[in-house]
Each structure stands twice: as C-alpha cells, then as structure tokens.
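Let's work through some short exercises together. Have a look at the sequence and the structure first, then try each task before you read its solution.

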Amino acid sequence: MNNHEIDYKLHGDDMQFVEVELDPRETVVAEAGSLMMMEDGISMETIFGDGSNSSSSTGLMGKLMGAGKRMLTGESLFMTTFTNNGSGKKHVYFASPYPGKIIPMDLSEMGGKIICQKDAFLAAAKGVSVGIEFQRKVGAGFFGGEGFIMQKLEGDGLAFVHAGGTIHKKHLQPGEVLRVDTGCLVAMTKEVDYNIEMVPGVKTALFGGEGLFFATLRGPGTVWIQSLPFSRLASRVFAAAPQTPGGGSKGEGSLAGGLFDLLGGK
C-alpha cells in the first residue's frame, strides 16, 4: 500500500459531503476550495501538483510539470493537503460544489486507474496521482463535450469523485456499446474504449436539442453516468435569469411585472 489508508463516511443525499477520518500522520489531498470544516489538530498546507509520492513529482521541475498539467484541465495550480498532527483520530470534511453525489472509489479494486471528467475530482488519500488523460482519438478531443483532456486518478488508495444529480453505475460486457450525452459521462475504468460520434440525421442534429455529438463507450469496463451535468444546470439557470441591462428583476411571472412592461417601465 503506497497510499495513506483513510476511512470515510458520506453524509446527506442530494447535497452530500464526505467525512474523512485521519489517524496520526495520515494525510488527505483535496481540490482547492472543497474544504467544509476540520477538527483541531489538523494542519493545512497548499502545494503544487497532486502531492503524490511518485519520483516524477519530486524536485522543483517535477512539481512545476505536475501543476502545469493541472492547468491544462482547467483546474487550479494548487492543491491542499490536510495532515493529522495530533495524537488521536481527527476528522476533516469536504463538500461538493453543486448538488449531486460523491462517489468513493478504491483504486486498488479498479486496476489502479480511473479516467474522469476534468472537474470531477474532490479529494483522495495522499499518494494518489491526479494527472491528465489525452484521448487517443481526434474526434473525442475536438468534439467531446468535456474537451480533449480528461483527468486520470492513479494509485492504490481511496479517491472521491463528485457529479451532478443522480449517479448510475453500469458494468459493460465485452463488446457492449453505450451512447451517452458527452456531459453526462462522469468516469470510467481504463479498459473502456471511448470515442465521439456525430448524431445521425441532419434534422436530428440540427433540431433535436441534444447537441451534435454523443460519447460512445465500448466494454468491457465500468462507467459512471450523471443525470444532471453542471453545464446543463448552469445553462438553465442562465436562461431563466433576468436579461435586463442591470441584471435586476422587474417582477417576472407576476401580473405587476407584465403591467410594468406594457406601460414601458424601465
């Protein structure tokens, strides 16, 4: 076991947070800004890269390269470590940035590697490497809803991934194909073959409202699908937001608001 062996407990249903239990000298590494609270005796340190113990992450150049790779995924240059410096068990809590689920993943049971959306990583036991996964196929890169680069989590410890809405875990048999909206793909094991295909039919592509492309996943392997991608949630919120120059509301949806518009109110 190269990673720190941490214990955890999930709280909540649709807006979850995870409670991580640390023994003395144990460390968990988390995405910057994901901390909810922590007990006394836990020290907090901001680091470059992912805090893994691999030789590629040692030295100034290794740390800079690790931080640079994280920039390519749109994440922060920095990550935060939380270490129990006390004499007994301590607890630290991490929360999802939007409504959804937290998925605990034991990488030792998944071949030591998981590929996930670039913004899905929440926290992990120290020693788990958080890197980038370049898609092998050009189509997946240029037309995939989540971009050319996805994250890869490598190691033999626990990692926590968050996603929006309800999560569906599906085991694909060899040769079994699943077509998924590109934004709904959360994570997959390394055996899954991933590609992007164009929606068939001109009318469907232009007027179907589902986008021009979908992800094609071919087994064997395991995939995790989310029902509410954050991009979909954000677009609906933006569409429903007031579109006035000052961003203020004029009583939309009310009789007073309609009369205000008819009278030419500003």
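**Exercise 1.** Which residues of the largest nonpolar core touch the most other members?

Solution. First, a word on the model: it is predicted, so local features need pLDDT of at least 70, side-chain atom pairs count only at pLDDT 80 or more, and totals for chains, interfaces and linings use all residues. Residues are numbered from 1 along each chain as its sequence is written, and side-chain values use heavy atoms, with hydrogens and water left out.

Next, the term: a nonpolar core is a set of buried Ala, Val, Leu, Ile, Met, Phe, Trp, Tyr and Cys residues joined through side-chain atoms within 4.5 Å, where buried means under 20% relative accessible area (1.4 Å probe, protein chains only).

Now the result: among the 21 residues of this core, Met105, Ile114, Leu153, Val186, Ala187 and Trp224 touch the most other members.

**Exercise 2.** Find which strand (a DSSP run of E, at least two residues) gives the most to this core.

Solution. Begin with β8 (100-106), β9 (113-116), β10 (121-125), β13 (158-164) and β16 (185-189), each of which supplies at least two residues. Of these, β13 gives the most, with 3 residues.

**Exercise 3.** Describe the pair formed by phenylalanine 17 and tyrosine 93.

Solution. Rings of Phe, Tyr and Trp (its six-membered ring) pair if their centres lie within 6.5 Å; planes under 30 degrees apart count as stacked, over 60 as edge-to-face and the rest as tilted. Here the centres are 6.2 Å apart and the planes at 55°, so the pair is tilted. Finally, phenylalanine 17 and tyrosine 93 are both buried. Phenylalanine 17 lies in β2 (residues 17-22) and tyrosine 93 in β7 (residues 90-95), so the pair ties together parts 76 residues apart in sequence.

Definitions and conventions:
Helix = DSSP H or I, 4+ residues; strand = E, 2+ residues; numbered from the N terminus. Buried < 20%, exposed > 50% of the residue type's maximum accessible area, 1.4 Å probe, protein only.
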